[in-house]
Amino acid sequence: MDRRDFLRKGTVFAAAALMGPGAALAGGGSVVALPRPDTGGGKPLMTCLAQRRSSHVLGREELGLPALGALLWAAWGVNRDDGKRVVPTAMNKQQAMVFAVRSDGVWEYLPREHAMKKVLEGDRRRSFDGAGLVLLYAAPEKDRYAAMHVGSMYQNAGLYCASAGLDNCVKYQKHDALDAELPLPDGWATFVTQSVAPRSAR
Ligand SMILES: Cc1cc2nc3c(=O)[nH]c(=O)nc-3n(C[C@H](O)[C@H](O)[C@H](O)COP(=O)(O)O)c2cc1C
């Protein structure tokens, strides 16, 4: 992270922390600080591996902020003081973005701040499968490692879903439906999506 990036992100973090959920930032969308994940909790890893699966019928119910924060952290959070992530990246370049498509808009996850910033208004879940939450995983299209990084991210998220009793399904269908509107750097694209919802009663 260069100094300018640090200062920009630092400002967002300070604003999110000071102003609380839904705070409006000058020159940008609102920023919501996410609850820190309970890194001492959850089911044992071997149980999560045994229970990891796709659900092809997903509910429309949304996740609460604690579950959303834990899910985003599992997918792409910072897990060490040196800024490294829960997933490994080639040469630690960390070139990926995660967006959360919710009823109240589309939000970019800010890993260093563990916050999310609104980047699109409106309920865009119908652009995908209409599930309670849709995660979008974006990366540079020509990065030979990008799909590997995205795979690590959705697997971590899938394991968190197994731990937390959430339904999920990775999907390629309509994965790039919002790419023309998202604030993606040049040459970046959404590789795949992951729909998530509280487990429906079956
Ligand atoms: C990269 C990728 C793309 C996928 N795309 C879709 C999809 O577009 N639609 C769908 O219903 N499932 C999709 N799936 C889910 C697979 O169908 C599912 O993982 C597979 O049937 C194995 O089931 P399991 O995840 O329960 O082990 C995708 C999975 C991956 C890893």
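Helices here are DSSP runs of H or I with at least four residues, strands are runs of E with at least two, and both are numbered from the N terminus. Leu49, for instance, is found in helix α2 (residues 45-51).

Welcome to these exercises! The model is predicted, so please keep its ground rules in mind: local features need pLDDT of at least 70, side-chain atom pairs count only at pLDDT 80 or more, and totals for chains, interfaces and linings use all residues. Residues are numbered from 1 along each chain as its sequence is written, and side-chain values use heavy atoms, with hydrogens and water left out.

**Exercise 1. The ligand shell**

Find which residues surround the ligand, and work out how the shell divides into nonpolar, polar and charged residues.

Step 1. Collect each residue with a heavy atom within 4 Å of the ligand. This gives Arg52, Arg53, Ser54, His56, Tyr154, Cys169, Val170, Lys171, Tyr172 and Gln173.

Step 2. Sort them by class: Ala, Val, Leu, Ile, Met, Phe, Trp, Tyr, Cys and Pro count as nonpolar, Asp, Glu, Lys and Arg as charged, and the others, Gly among them, as polar. The shell then holds four nonpolar, three polar and three charged residues.

Step 3. Look for the element with the largest share. Strand β7 (residues 166-171) provides it, with three residues.

**Exercise 2. Polar contacts and burial of the ligand**

Identify side-chain and backbone atoms that approach oxygen atoms of the ligand, and state what share of the ligand's area the protein buries.

Step 1. Use the cut-off for a polar contact: a pair of N or O atoms within 3.5 Å; within protein, one must be able to donate a hydrogen and the other to accept it, and residues adjacent in sequence count only if both atoms are side-chain atoms.

Step 2. Go through the contacts. A polar side-chain atom of Ser54 sits 2.4 Å from a ligand oxygen. For Arg52, a side-chain N or O atom is 2.7 Å from an oxygen atom of the ligand. Gln173 takes part through its backbone, with an N or O atom 3.3 Å from a ligand oxygen.

Step 3. Turn to the area. The ligand taken alone exposes 620 Å², and the protein buries 55% of that. Accessible areas come from the Shrake-Rupley method with a 1.4 Å probe; for residues, only the protein chains shown count as cover.

**Exercise 3. Salt bridges**

Count the salt bridges in the whole structure, then describe the pairs of Asp123 and Asp129.

Step 1. Start from the principle that side chains of opposite charge can pair when their charged atoms come close. The criterion is a side-chain nitrogen of Lys or Arg within 4 Å of a carboxyl oxygen of Asp or Glu. The search finds seven salt bridges.

Step 2. Take Asp123, whose side chain meets that of Arg60 at 3.8 Å, N to O. Asp123 lies in the loop between β5 (115-120) and β6 and Arg60 in the loop between α2 and α3, so this pair ties together parts that are 63 residues apart in sequence.

Step 3. Add accessibility, where buried means under 20% relative accessible area, exposed over 50%, and partly exposed in between (1.4 Å probe, protein chains only). Asp123 is partly exposed at 37%, and Arg60 is partly exposed at 40%.

Step 4. Move to Asp129, which forms a salt bridge with Lys171 at 3.0 Å, N to O. Asp129 is in the loop between β5 and β6 and Lys171 in strand β7, so the pair links parts 42 residues apart in sequence. Shared partners also join Arg60, Asp123 and Arg125 into one network of salt bridges.

Step 5. Compare the partners of this pair: Asp129 is partly exposed at 28%, whereas Lys171 is buried at 15%.

**Exercise 4. The loop after β7**

Is His175 buried or exposed, and which backbone oxygen does its side chain reach?

Step 1. Locate His175 in the loop between β7 and β8. Lys174 has its place in that loop between β7 and β8 (188-198) too, and Lys174 shows a positive phi of about 55° although it is not a glycine.

Step 2. Read the accessibility: His175 is buried, with a relative accessible area of 12%.

Step 3. Follow the side chain of His175 to the backbone oxygen of Tyr172, at 2.7 Å. Tyr172 is also one of the residues surrounding the ligand.
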